[in-house]
Amino acid sequence: MYLLLSLRRVVEQPVQIYQDVDSKSKRWYFQSYNLTISNIWSPFLVKAAIFEDINGVSTAEVQLHLDKLDKKWLDIYSSLDYMIISSGKWFLKAAVYHENDVIVGCHLCPGKNLIELGFEYAYKKTLHYVMDFIKTSKYKGLIFFRTSTPDHFENGEWHNGGTCPKTIPAKEGEVKIKDLNRILRNIELEEFEKTFAKVAHNEVNLKLLDFTNLLLSRPDGHPGPYRQFQPYSKNKTAVVQNDCLHWCIPGPIDFWNDVIMEIVVNG
């Protein structure tokens with residue numbers, strides 16, 4: 001879950017006023033503007049026990065409670081003026097699913113004698129639960145629901161040597177959306193549409209951010225091997241893990257901010 005992420009320009013050096021023990025959730029304060037910006041680490045939006053390191057290497061399946069919202073964002077929900085909610089690809093990870101404190105099944109858990117429900121089951125359940133909460137919350141701020149974004153791994157994926165070497169935008173139609181990305185997006189759009197028809201009656205201001213088609217053409221927007229500082233400082237030919245999923249390079253993220261600010265200012 002991300003709450004008003006990045007500013008296009010650094011207009012003032014903010015003061016960091018909070019970070020959690022893992023330095024994943026953080027909060028900054030811009031004194032001149034009386035503005036607080038938070039980044040809340042809640043990749044599943046529901047309660048989850050996660051057992052992996054910074055490189056995504058897991059020692060056990062995620063324990064996912066599909067009917068319990070994550071208190072990391074739930075506890076401050078009503079105090080926020082604007083928020084951007086997103087999830088998606090974390091649901092592809094191996095996980096055991098709990099409902100009513102009972103294990104109901106799993107995703108990618110051979111040998112555990114559990115029902116293979118698949119990530120689609122968990123993602124639909126979670127988004128339905130989140131959207132049900134939002135539409136009845138009487139929240140008075142502005143909520144953006146952002147669909148998951150496409151990645152541009154080539155010749156592999158995150159964990160097995162995938163890279164994203166392109167340095168310029170792709171031509172229209174050159175990059176096709178991957179099947180997994182399409183499945184996630186379809187689930188997101190379906191749950192949003194079911195909720196959007198009802199939130200207006202409860203005076204909840206919910207907007208959709210769907211940058212899929214734009215971002216498909218921007219394989220140059222990822223940090224690639226530079227997910228860590230100076231990855232080749234000790235060995236110019238080192239084999240390093242690439243990040244072809246997150247958007248850290250100027251260009252695409254500036255467009256996001258322009259769209260978000262246009263909606264915030266002019267509706």
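## Exercises on cysteines and aromatic rings

At 49% relative accessibility, Cys 248 counts as partly exposed. The model used in these exercises is predicted.

**Exercise 1.** Determine which disulfide state Cys 248 has, and how far away the nearest cysteine sulfur is.

Solution. A disulfide needs two cysteine sulfur atoms within 2.5 Å. The nearest cysteine sulfur to Cys 248 belongs to Cys 164 and is 10 Å away. Cys 248 is therefore in no disulfide.

**Exercise 2.** Find the disulfides of the whole structure and give their number, their handedness and their pattern along the chain.

Solution.
1. The search of the whole structure yields 2 disulfides.
2. One joins Cys 106 and Cys 109, with the sulfur atoms 1.7 Å apart. The torsion about this S-S bond is about -55°, so the disulfide is left-handed. Cys 106 and Cys 109 are both buried.
3. Another joins Cys 164 and Cys 244, whose sulfur atoms are 2.2 Å apart. Its S-S torsion is about -85°, so this disulfide is left-handed. Cys 164 lies in the loop between strand S10 (142-146) and H3, and Cys 244 in the loop between helix H4 (212-216) and helix H5 (252-266), so the pair ties together parts that are 80 residues apart in sequence. Cys 164 and Cys 244 are buried.
4. With bonded cysteines counted along the chain, the pattern is 1-2, 3-4.

**Exercise 3.** Describe the aromatic pairs that Trp 90 forms with Trp 41 and with Phe 44.

Solution.
1. The structure has a count of 15 aromatic pairs.
2. Trp 41 and Trp 90 are 5.3 Å apart, centre to centre, with 80° between the planes, and the pair is edge-to-face. Trp 41 is in the loop between strand S4 (35-39) and strand S5 (46-49), and Trp 90 in the loop between strand S7 (82-85) and strand S8 (95-99), so the pair ties together parts that are 49 residues apart in sequence.
3. For Phe 44 and Trp 90, the ring centres are 5.8 Å apart and the planes at 80°, so this pair is edge-to-face. Phe 44 lies in the loop between S4 and S5, so its pair with Trp 90 ties together parts that are 46 residues apart in sequence.
4. At a relative accessible area of 21%, Trp 41 is partly exposed, whereas Phe 44, at 2%, is buried.
5. Ring pairs link Trp 41, Phe 44, Trp 90, Phe 91 and Tyr 123 into a cluster.
6. Lys 93 lies over the face of Trp 90, 4.7 Å from the ring centre.

Terms used. Residues numbered from 1 in each chain as written. Predicted model: local features only at pLDDT ≥ 70, side-chain atom pairs only at ≥ 80, totals over all residues. Heavy atoms only, no water. Phe/Tyr/Trp six-rings, centres within 6.5 Å; stacked < 30°, edge-to-face > 60°. Helix = DSSP H or I, 4+ residues; strand = E, 2+ residues; numbered from the N terminus. Buried < 20%, exposed > 50% of the residue type's maximum accessible area, 1.4 Å probe, protein only. Lys NZ or Arg CZ within 6 Å of the ring centre and 35° of its normal.
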